[in-house]
Amino acid sequence: MFISVSDEVKHKEDGQTMIVTGIASGMVECRWYDGYSVRREAFREDEIMPTQIARQLAS
């Protein structure tokens, strides 16, 4: 899977939409707004997918 900084991605389990802010050593740092504040967390590459793929799977 090819992901780059500024891509919109979704977490595979909870479906949270996030923006990629960094990539290093197989980890992808993402930021998102949870309704109260901006959150930041790093995920393994296999835990997320680009939103384009998520939209294709939903249709």
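**Entry 1: Phe-43**

I began with Phe-43, which I count as buried because its relative accessibility is 7%, under the 20% cut-off. I note here that the model is predicted.

I then asked which strand holds Phe-43. Phe-43 lies in strand β4, and β4 covers 38-44.

**Entry 2: the aromatic pair**

I looked for aromatic pairs and found one in the structure. Its partners are Trp-32 and Phe-43. I read 6.2 Å from centre to centre. The planes stand 40° apart, and the pair is tilted. It links distant parts of the chain: Trp-32 sits in strand β3 and Phe-43 in strand β4, eleven residues apart.

Is Trp-32 buried or exposed? Trp-32 is buried, because its relative accessible area is 11% and the limit is 20%.

**Entry 3: β3 against β4**

Next I checked how the two strands that hold these rings are joined. Strand β3 spans residues 27-33. I find seven bridges from β3 to β4, and the two run antiparallel. I also looked up what faces Cys-30 across the bridges. Glu-41 in β4 stands opposite Cys-30.

**Entry 4: the sheet**

I moved out to the sheet as a whole. It is open and has five strands, with antiparallel pairing. I wrote down the order as β4-β3-β2-β1-β5. Which strands form the edges? They are β4 (38-44) and β5 (48-50), each of which pairs on one side only. From one strand to the next, the twist averages 45°.

Phe-43 is thus on an edge strand: its strand is β4, and β4 pairs on one side only.

**Entry 5: the helix and Thr-51**

I followed the chain along its sequence and noted the pattern β-β-β-β-β-α. The count is one helix and five strands. Helix α1 takes in residues 51-58, and Thr-51 belongs to it.

Why do I list Thr-51 as buried? Its relative accessibility is 7%, and buried means under 20%. I then looked up what Thr-51 touches, leaving out residues up to four places away in sequence. The contacts are Glu-8, Val-9, Lys-10 and Thr-17.

**Entry 6: the whole chain**

I closed with the totals. The chain has 59 residues, and 25% of them are buried. Trp-32, Phe-43 and Thr-51 are among the buried ones. The accessible surface comes to about 4,300 Å². Carbon and sulfur atoms hold 48% of that surface.

For contacts, I took those with a separation of 6 or more. Residues 24 or more positions apart account for 28% of them.

How values were computed. Residues are numbered from 1 along each chain as its sequence is written. This is a predicted model: local features need pLDDT of at least 70, side-chain atom pairs count only at pLDDT 80 or more; totals for chains, interfaces and linings use all residues. Side-chain values use heavy atoms; hydrogens and water are left out. Helices (H or I, at least four residues) and strands (E, at least two) are DSSP runs, numbered from the N terminus. Buried means under 20% relative accessible area, exposed over 50%, partly exposed in between (1.4 Å probe, protein chains only). Contact means heavy atoms within 4.5 Å. Accessible areas come from the Shrake-Rupley method with a 1.4 Å probe; for residues, only the protein chains shown count as cover. Two strands pair if DSSP finds at least two bridges between them. Axes are lines fitted to C-alpha atoms, for helices over the stretch in contact, and angles run from 0 to 180 degrees between N-to-C directions. Rings of Phe, Tyr and Trp (its six-membered ring) pair if their centres lie within 6.5 Å; planes under 30 degrees apart count as stacked, over 60 as edge-to-face and the rest as tilted.
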